[in-house]
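Please look at the fold first, then at the side chains that meet inside it. A short report is wanted on both.

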Amino acid sequence: MRHKVRKLKAVFFDAYGTLFHYEPEKLNEVFRDIVDKFRISVNPNDLITVWRKHEQIFRDTRTRYENGRWKSSDEFFSYKEAWKKCFELTYNEFGVDNISANLSVEMILEDLKKRAIYREVPEVLKQVRSKFPIGIISNADTDFLLDSIKNNSLGFDLIMTSEGVKSYKPHPYIFEKALEYFGADPDEVLYIGDSPLEDIIGPQKLGIPSVWVNRKGLDWSLGKENQPYAEITDLLQLLDVINSKQNISY
């Protein structure tokens with residue numbers, strides 16, 4: 001299915017993995033720090049493996065696709081709340097009962113706040129914002145995302161978080177709220193992200209043309225009907241995508 005773009009009213013970006021570094025290896029380092037800090041007698045690799053198991057259940061159940069529509073879980077949990085529960089379950093499996101799950105979560109959140117941006121981000125955002133309003137639509141808690149933005153001296157016309165609207169991508173609600181803010185139809189915006197499900201399939205089922213930031217050169221594996229509007233390997237190529245569709249130049 002090909003999505004068309006009318007004259008743009010706004011350009012939206014995912015946050016982590018698109019603007020901010022979000023390599024899995026960094027989380028491994030955090031878990032090694034957690035083991036060291038709390039003197040846990042568990043291999044860090046084993047600890048993160050079990051934690052990821054519980055965290056994946058959270059991701060799989062918070063938003064799901066059933067009978068042709070996205071559905072959210074009955075109760076919303078922020079990342080801070082969900083990750084705390086994941087630590088509680090993980091520590092219980094290892095028989096560790098004297099470690100603070102709250103403090104463990106805080107170590108992850110502190111790491112997220114310090115994530116650097118990809119080197120092309122400032123120039124790309126500057127150029128895009130000179131032509132269109134820009135926003136972030138992110139599965140994130142509001143506080144750590146705002147700190148990431150502040151620490152990297154970035155600016156946006158709209159910051160939309162899952163915690164703020166109590167809805168996770170790929171559910172359409174979070175995208176609909178962003179469209180409502182700018183008074184735009186789905187084909188009057190462009191969405192850019194790195195996650196095939198949350199950033200491409202999710203918004204495109206709503207009719208929003210979405211650009212896949214494929215930094216690792218992966219093959220698209222989710223079917224021709226779900227293919228992204230465009231595919232780029234870094235954000236600098238986004239300028240050419242916008243230019244070719246809007247007849248503007250940077």
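The report below starts with the sheet and then turns to side-chain pairs.

## The sheet

This is a predicted model. At its centre of interest here is an open sheet of 6 strands, in the order E5-E4-E1-E6-E7-E8. The pairing is parallel. Strand E5 (158-161) and strand E8 (230-232) are the edge strands. Each of these two pairs on one side only. From one strand to the next, the twist averages 20°.

Strands of a sheet pair through backbone hydrogen bonds, either parallel or antiparallel.

## Strand E1 and its neighbours

In the strand order, E1 stands between E4 and E6. E1 and E6 run parallel and are joined by 4 bridges. One residue of E6, Ile192, is the bridge partner of Phe13. On the other flank, 3 bridges join E1 to E4, again in parallel. There Val11 stands opposite Ile134 of E4.

In a regular strand the side chains alternate between the two faces of the sheet. E1 has both of its faces covered. Ala10 and Phe12 are buried on one side. Val11 and Phe13 are buried on the other.

## Helices on the sheet

Helix H6 lies across strand E4 (134-138) and E5. The direction of H6 is at about 145° to E5. Helix H8 (residues 172-182) also packs on the sheet. H8 touches E1, E4, E5 and E6. Its direction makes about 160° with that of E5.

## Aromatic pairs around Tyr16

The model holds 19 aromatic pairs. One of them joins Tyr16 and Phe20. Their ring centres are 5.3 Å apart and their planes are at 35°, so this pair is tilted. Which class do the burial values give the two residues? Tyr16 has 9% relative accessibility and counts as buried. Phe20 is buried too, with a relative accessible area of 0%.

Tyr16 also pairs with Phe144. Here the centres are 5.9 Å apart and the planes are at 55°, so the pair is again tilted. Phe144 is buried, with a relative accessible area of 2%. What does the pair of Tyr16 and Phe144 tie together? Tyr16 lies in the loop between strand E1 (10-13) and helix H1 (24-38), while Phe144 lies in helix H6 (residues 142-151), so the pair ties together parts that are 128 residues apart in sequence.

## Arginines over rings

Two arginine–tyrosine placements follow. Arg62 lies over the face of Tyr168, at 4.2 Å from the ring centre. Arg215 lies over the face of Tyr118, and here the distance to the ring centre is 3.5 Å.

## Ser195

Where is Ser195 found? Ser195 is in the loop between strand E6 (189-193) and helix H9 (196-205). Is Ser195 buried or exposed? The relative accessible area of Ser195 is 17%, and buried means under 20%, so Ser195 counts as buried. The Ser195 side chain reaches the backbone nitrogen of Glu198 at 3.3 Å.

Terms used: Residues are numbered from 1 along each chain as its sequence is written. This is a predicted model: local features need pLDDT of at least 70, side-chain atom pairs count only at pLDDT 80 or more; totals for chains, interfaces and linings use all residues. Side-chain values use heavy atoms; hydrogens and water are left out. Rings of Phe, Tyr and Trp (its six-membered ring) pair if their centres lie within 6.5 Å; planes under 30 degrees apart count as stacked, over 60 as edge-to-face and the rest as tilted. Buried means under 20% relative accessible area, exposed over 50%, partly exposed in between (1.4 Å probe, protein chains only). A charge sits over a ring if NZ of Lys or CZ of Arg is within 6 Å of the ring centre and within 35 degrees of the ring normal. A polar contact is a pair of N or O atoms within 3.5 Å; within protein, one must be able to donate a hydrogen and the other to accept it, and residues adjacent in sequence count only if both atoms are side-chain atoms. Two strands pair if DSSP finds at least two bridges between them. Axes are lines fitted to C-alpha atoms, for helices over the stretch in contact, and angles run from 0 to 180 degrees between N-to-C directions. Contact means heavy atoms within 4.5 Å.
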